[in-house]
Amino acid sequence: ISLYGPPGSGKSTIAKLLSEKIGLSLIDIDDDILEKNWGVSVAEKLEKLGDEEFLKAEEEETMKIKCCNSIISLTGSNALSKKTMDYIRSISIVLY
């Protein structure tokens, strides 16, 4: 199950509660994928790369997710990439 919504809409909070409630692992793309792999905050990476290059970098990292039986908290900008969303839809049910 993947949760999508605009920035600040509560995706991470709801994903955490849902994963605890139904006993599935949690993947927060911002915290567990992007910042972990980049070694800097999402804000720092965005500032360094600019919008267009940031979205490409985010897409690359998101496409590496290989999971099942997880709750995924998407980023606020994942939906800007059709490729990313097609992939996410192929591995999960997306809820808005």
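Me: Why is aspartate 86 called partly exposed?
Reply: Its relative accessibility is 36%. Buried means under 20% relative accessible area, exposed over 50%, and partly exposed in between (1.4 Å probe, protein chains only). The value of 36% falls in between, so aspartate 86 counts as partly exposed. The model is predicted, so local features need pLDDT of at least 70 and side-chain atom pairs count only at pLDDT 80 or more, while totals for chains, interfaces and linings use all residues. Residues are numbered from 1 along each chain as its sequence is written, and side-chain values use heavy atoms, with hydrogens and water left out.

Me: What makes the contact of aspartate 86 with lysine 82 a salt bridge?
Reply: The closest N and O atoms of the two residues are 2.7 Å apart. A salt bridge requires a side-chain nitrogen of Lys or Arg within 4 Å of a carboxyl oxygen of Asp or Glu. The distance of 2.7 Å meets that limit, so the pair qualifies. Both residues lie in helix 5, four residues apart, about one turn of the helix. Helices (H or I, at least four residues) and strands (E, at least two) are DSSP runs, numbered from the N terminus. Lysine 82 counts as exposed, because its relative accessibility is 61%.

Me: How do you know that aspartate 86 and arginine 89 also form a salt bridge?
Reply: Their side chains meet at 3.3 Å, N to O, and this value lies within the 4 Å allowed, so the term applies. Aspartate 86 and arginine 89 are three residues apart in helix 5, which means a separation of about one helical turn. Arginine 89 has a relative accessible area of 49%, so it is partly exposed.

Me: Which accessibility classes do glutamate 61 and lysine 64 belong to?
Reply: Glutamate 61 has a relative accessible area of 9%, so it is buried. Lysine 64, at 53%, is exposed. The side chains of these two residues meet in a salt bridge of 3.3 Å, N to O. The structure holds five salt bridges, and Glu52, Glu53 and Lys56 are linked in a network of them.

Me: Why is the pair of tryptophan 38 and phenylalanine 54 called edge-to-face?
Reply: The ring centres are 5.6 Å apart and the planes stand at 65 degrees. Rings of Phe, Tyr and Trp (its six-membered ring) pair if their centres lie within 6.5 Å; planes under 30 degrees apart count as stacked, over 60 as edge-to-face and the rest as tilted. An angle of 65 degrees is over 60, so the pair is edge-to-face. Tryptophan 38 lies in helix 2 and phenylalanine 54 in helix 4, so the pair ties together parts that are 16 residues apart in sequence. Both residues are buried: tryptophan 38 has a relative accessible area of 15%, and phenylalanine 54 has 5%.

Me: What makes the pair of tyrosine 4 and tyrosine 96 tilted?
Reply: Their planes are 40 degrees apart, with 5.6 Å from centre to centre. The angle is neither under 30 nor over 60 degrees, so the pair counts as tilted. Tyrosine 4 lies in the loop between strand 1 (2-3) and helix 1 (11-22), and tyrosine 96 in the segment after strand 4 (94-95), so the pair ties together parts that are 92 residues apart in sequence. Tyrosine 96 is exposed, because its relative accessibility is 74%.

Me: Why are strand 2 and strand 4 said to stand at the edges of the sheet?
Reply: Four strands form an open sheet in the order 2-3-1-4, with parallel pairing. Strand 2 (25-28) and strand 4 each have a single partner strand, so one side of each is left without a neighbour in the sheet.

Me: How do you know that strand 1 and strand 3 pair?
Reply: Two bridges join strand 1 to strand 3 (residues 70-73). Pairing requires that DSSP finds at least two bridges between two strands, so this count is sufficient. Serine 2 stands opposite isoleucine 72 in strand 3.

Me: Why is serine 19 called buried?
Reply: Serine 19 has 8% relative accessibility, which is under 20%, so it counts as buried. Serine 19 lies in helix 1. Not counting residues up to four places away in sequence, serine 19 touches Leu24, Ser25, Leu26 and Ile71; contact means heavy atoms within 4.5 Å.
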